[in-house]
Amino acid sequence: MSSEKTPFDDGERDDAMKAAEHALGLLEGEELLASRGKLASDPDYAARKEWWDNWFVPWSDEVAGAQPSDAVWARISAQINASNVSSAANVDNSNVIDLTARLKRWQWTAAITSAAAAIVLAVMVFSPGTEPGSIAPAPDSPVFAAADPLVAQVPIGNTGLRLDVTYIPESEKLLVGAIGLTADGVHDHELWLVPEDGSALQSLGVVVPGEVLSQELSREITANMGDGVTLVLTREPIGGKPEGQDAGPVVAQGTFSQV
Amino acid sequence: MADSRSDLAANAARERLKQAMIRLADGDSAALEEIYQSTRVKLFGICLRILGDTKEAEDALQDVYINLWQKADRYDPERASPISWLATFARNRAIDRLRTGKVRGGAVPVEEALPLPDNTPLADALMVDAERSAQIHICIQGLDERTREHIRSAFFDGFTYAELAARADVPLGTMKSWIRRGLQKLRVCLEASEAS
């Protein structure tokens, strides 16, 4: 950092400035995550970022257009068809067996066992939604319904401890296992989903040390679930991030992968 | 630059796109292809400019439309024109790929960008709001050339403060204060234009 003092030092700049920096794409690392967290919690800040976006976007008219290869649309439409087919197919019990194989492979690859992943299997096997002969989801169910669970591990520093996070698309349930973690009595930790489109972080709730918690997610959150999506863990006062305040420091992160 | 006939064409294209976005939000998957056909050249150009690599840009483009399909209901026709919204969406998506370390930072010089195809769909018609375009141009011209170029470079090439400072060979703090002063002036100018 330079020793030069200006009215626009990191600590002194106001929200309008930070929103402009985010909109331009100048931020990176923790500053970027903090700003994305703020977009989630502060509607004024989100509106300010949108204000800048709308002023900058006319510049995109100066960018030369370019033709993508035909393969791009082929891949998009294949992905959409696959999702439509799999959301219809995952009501078939044979899927559970297939899932077992993939889950084993994943466990082997990762060379770990995960309590949360074991629970997924139990849920998949006994879930009432897996009856054969059920029909495809109603048109108003979420468009994106990839059948496979997503698993993420969030290692906590160098402690060897980690959170096991599992998302089951079919039931829209999230399992967060914090086995081995203990509360310090001063802080809570809150888990956040980092939407891939750069929009605001979405809270997945406060982590409960020593327990595996299951919760149903809202559609706004499930729409952002997917392979490769990042999770971050922030340190907060007891009870989680206070309303209207910025999220605390990011202490750990992990990425969902499909099993 | 726009005579009344091209204004009409622009409005018609914009309206068709808006209707397709609304249909997509209502769950009509077929609308996505229509949106893709009319916007791919513009959005791919944006991704390519930021990412500087055809394969990465194509992956980003695929992400953009898949995301759009999943979250079409986020688009609010009252708040932004569809092409503004999509262009912002595509640029954010491309920047996000840069920041998550999937690709090297960097950009293609304009002259290296792929040429426009002959069948550019609605390229002229799908311009973002001309009036706002003129206003941001006026305001950015009010900055000194050095600051102007750095701010534009952040937008067009996706550079961070650190990258801009390294390229200009100045300390990070210096680059930050140049750009922040510029953004401050820009804000005052843009707000004044809204008030008038």
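Q: A residue counts as buried if 20 or more other C-beta atoms lie within 10 Å of its own. With that cut-off, is E21(A) buried or exposed?

A: The model is a predicted one. Burial is read by counting neighbours against the cut-off of 20. E21(A) has 24 other C-beta atoms within 10 Å, and therefore it is buried.

Q: Where in chain A is E21(A) found, and which residues does E21(A) touch?

A: A residue is best placed by its element and then by its contacts. E21(A) belongs to helix α1, which covers residues 15-24 of chain A. Leaving aside residues up to four places away in sequence, E21(A) touches L26(A) and L27(A). Distance in space can also be set beside separation along the chain: E21(A) and S35(A) lie 14 residues apart in sequence, and their C-alpha atoms are 9.6 Å apart.

Q: In what order do the four strands of the open sheet in chain A stand?

A: A sheet is read from one edge to the other, by following the pairing of strands. Here the order is β5-β4-β7-β8, with antiparallel pairing. β5 (202-206) and β8 (250-255) of chain A each have a single partner strand, so one side of each is left without a neighbour in the sheet. From one strand to the next, the twist averages 25°.

Q: How many bridges join the paired strands of this sheet, β4(A) to β5(A), β4(A) to β7(A) and β7(A) to β8(A)?

A: Each pair is taken in turn. Strand β4 (residues 187-194) of chain A is joined to β5(A) by four bridges, and L193(A) stands opposite Q202(A) in β5(A). Between β4(A) and strand β7 (residues 230-237) of chain A there are eight bridges; H189(A) has R235(A) in β7(A) as its bridge partner. β7(A) is joined to β8(A) by five bridges, where T230(A) is partnered by T255(A) of β8(A). As for side chains, in a regular strand they alternate between the two faces of the sheet.

Q: Which strands are at the edges of the open sheet of five strands?

A: An edge strand is recognised by its pairing. The five strands follow the order β6-β3-β2-β1-β9 in chain A, and the pairing is antiparallel. The edges are β6 (212-216) and β9 (257-258) of chain A, each of which pairs on one side only. Within this sheet, five bridges connect strand β2 (residues 162-168) and strand β3 (residues 173-177) of chain A in the antiparallel sense. One of the facing pairs is I168(A) with K173(A) in β3(A).

Q: How many helices and strands does chain B have?

A: Secondary structure gives the outline of a chain, while burial and contacts show how it folds. Chain B has eight helices and zero strands. Of its 196 residues, 42% count as buried. Taking contacts in chain B between residues at least 6 apart in sequence, 75% join residues at least 24 apart.

Q: At what angle do helix α6 and helix α8 of chain B pack, and which residues meet there?

A: Packing is read from the angle and distance of the axes, then from the residues in contact. Helix α6 (residues 145-157) and helix α8 (residues 172-195) of chain B pack at about 95°, with axes 9 Å apart. The angle makes α6(B) roughly perpendicular to α8(B). From α6(B), R146(B), T147(B), H150(B) and I151(B) meet M175(B), W178(B), I179(B), R181(B) and G182(B) of α8(B). By class, this contact has four nonpolar, three polar and two charged residues.

How values were computed: Residues numbered from 1 in each chain as written. Chains lettered and ligands numbered in written order. Predicted model: local features only at pLDDT ≥ 70, side-chain atom pairs only at ≥ 80, totals over all residues. Pairing = 2+ DSSP bridges. Helix = DSSP H or I, 4+ residues; strand = E, 2+ residues; numbered from the N terminus. Axes fitted to C-alpha atoms, helices over the stretch in contact; angles between N-to-C directions. Buried ≥ 20, exposed ≤ 12 C-beta atoms within 10 Å, placed from the backbone. Contact = placed C-beta atoms within 7 Å. Parallel < 35°, antiparallel > 145°, perpendicular 65-115°, else oblique. Nonpolar A, V, L, I, M, F, W, Y, C, P; charged D, E, K, R; others polar.
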